[in-house]
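The exercises below ask the reader to work from the coordinates to short, checkable statements. Each task is followed by a solution that proceeds in steps.

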Amino acid sequence: SGINAEYGPLMKEYSFTPASKMLTVAEGLEVDVTFSATRVAYSGYGKVTSLNGKPQPGIIVEAVGAGECALQEEGTTEENGSYRIRGLTPNCPLTFHVRADKSDKIRRASPPSQLIEIGEEDKSGVNFVVFQEPTTFDITGYVEVSSEYVGSTKVHLIEDKGKAGGKQVHSTQLHESRIFVFPDMTLSSSYNVKIESSLSQSMYNFTIPDVKLKSEGPFQHVNLVFLPIRKSVHQEQVTRASFTALTIIVLSMVLAANHATLVPVFTQVYHSVVNRGTGGESVGSADGMEYIDDVHRGGIRRPKSKKK
């Protein structure tokens with residue numbers, strides 16, 4: 001006895017006559033069946049690469065019928081970046097496009113879509129270039145500053161750590177071009193671009209520019225303005241006079257607060273030096289500086305009064 005079963009070929013782009021046949025197959029029996037095939041659909045071929053020509057595997061390309069053509073098919077790129085979409089109805093306008101929404105590494109494709117009409121043959125050369133989602137971005141900038149101050153100017157890049165403060169991640173000396181570049185910054189971070197100058201604030205008036213950047217790719221550009229102004233001679237003299245006056249005031253306050261101790265000390269030292277110069281005896285120690293040490297250790301030594 002044999003097994004009764006229905007047999008028929010399946011190929012997406014072909015129609016077969018007859019569609020199927022009932023056969024009784026017994027063990028060890030070979031049966032020859034003839035089917036007539038007619039091609040009713042075709043394929044679209046293409047390749048997906050990056051901008052530098054590198055093949056992009058695992059990318060989905062979709063073909064959608066336009067107008068009254070109700071069709072939707074898709075294919076996935078292989079290791080060499082090539083793809084094939086089967087079952088495309090002939091004489092049907094189709095829109096081919098990359099499904100960037102189904103890939104976490106694709107940002108967009110160029111061209112965004114292609115309108116193709118399949119005839120009575122396969123269509124090849126439907127190619128796309130894809131752009132990756134950036135994971136880093138570059139920071140470029142220009143500093144508006146006079147050429148005489150370029151050599152004394154640095155640019156710092158500080159990563160914003162929130163409550164933890166900031167961390168300097170890059171620093172560069174400004175050059176005559178006044179252009180600076182900080183490459184490959186992490187997109188998930190925020191940054192501050194800040195200028196440092198070695199100019200003295202006692203001689204120059206200036207404000208340090210500080211710009212905060214959001215981490216958005218593929219690059220950010222900032223313009224900084226740094227315009228130091230040299231102070232006039234009068235301003236510098238006033239500044240020096242202020243420091244001198246402050247020093248004198250502090251010394252005067254120290255003398256006033258310790259006059260009870262310092263005045264006897266200076267008096268004793270004076271008499272010691274005078275007595276040495278005239279050949280007389282000094283009070284206490286023969287050396288004024290040694291006498292100061294004695295005073296520091298034991299206080300003022302006053303002459304003992306003789307008892308009558």
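A polar contact here is a pair of N or O atoms within 3.5 Å, where, within protein, one atom must be able to donate a hydrogen and the other to accept it. The model to which this is applied is a predicted one.

**Exercise 1.** Determine which backbone oxygen the side chain of Q114 reaches, and describe the surroundings of Q114.

Solution. Begin with the location: Q114 belongs to strand β11, which covers residues 114-118. Next, take the polar contact, in which the side chain of Q114 comes to 2.7 Å from the backbone oxygen of N127. Then list the contacts, setting aside neighbours within four places in sequence; these are L94, T95, F96, V126, N127 and F128. Finally, classify the residue: Q114 has a relative accessible area of 19% and is therefore buried, since the cut-off for that class is under 20%.

**Exercise 2.** Identify which residues of the largest nonpolar core touch the most other members, and find the elements that supply the core.

Solution. The largest nonpolar core holds 23 residues, and those touching the most other members are I139, V143, V145, V155, L157, F180 and V193. Two or more residues of this core come from each of the strands β13 (136-144), β14 (153-160), β16, β17 (191-197) and β20 (219-225). A separate core lies apart from it and comprises 21 residues, including V61, L71, I85 and F96. To see one member of the largest core in detail, take V143, which, when residues up to four places away in sequence are not counted, touches V155, L174, R178, F180, I195, L224 and F226.

**Exercise 3.** Two residues other than glycine, N91 and R178, have positive phi values; is each of them buried or exposed?

Solution. For N91, phi is near 60°, and the residue sits in the loop between β8 (82-88) and β9 (92-98). Its relative accessibility is 51%, so N91 counts as exposed, the threshold being over 50%. For R178, phi is about 65°, and the residue is found in the loop between β15 (166-173) and β16. Here the relative accessibility is 15%, so R178 counts as buried.

**Exercise 4.** Locate the cis peptide bonds that precede P18 and P111, and state where each proline lies.

Solution. The bond from T17 to P18 is cis, with omega near -10°, and P18 is placed in the loop between β2 (14-17) and β3 (21-25). The bond from S110 to P111 is likewise cis, with omega near -5°, and P111 lies in the loop between β10 (106-110) and β11.

**Exercise 5.** Find which residues form a nonpolar surface patch with V181, and then describe the chain as a whole.

Solution. The patch is formed by V181 together with Y142 and I179, and the accessible area of the three amounts to about 270 Å². V181 itself is part of strand β16, residues 179-186. Turning to the whole chain, the secondary structure consists of three helices and 21 strands, and 30% of the 308 residues count as buried. The accessible surface is about 20,300 Å², with 53% of it belonging to carbon and sulfur atoms. As a last step, consider the contacts with a separation of 6 or more, of which 57% are made by residues 24 or more positions apart.

How values were computed
Residues are numbered from 1 along each chain as its sequence is written. This is a predicted model: local features need pLDDT of at least 70, side-chain atom pairs count only at pLDDT 80 or more; totals for chains, interfaces and linings use all residues. Side-chain values use heavy atoms; hydrogens and water are left out. Patches are made of residues with over 30% relative accessible area and no salt bridge: like charges are joined within 9 Å, nonpolar side chains (Val, Leu, Ile, Met, Phe, Trp, Tyr) within 5 Å. Accessible areas come from the Shrake-Rupley method with a 1.4 Å probe; for residues, only the protein chains shown count as cover. A salt bridge is a side-chain nitrogen of Lys or Arg within 4 Å of a carboxyl oxygen of Asp or Glu. Helices (H or I, at least four residues) and strands (E, at least two) are DSSP runs, numbered from the N terminus. A nonpolar core is a set of buried Ala, Val, Leu, Ile, Met, Phe, Trp, Tyr and Cys residues joined through side-chain atoms within 4.5 Å. Buried means under 20% relative accessible area, exposed over 50%, partly exposed in between (1.4 Å probe, protein chains only). Contact means heavy atoms within 4.5 Å.
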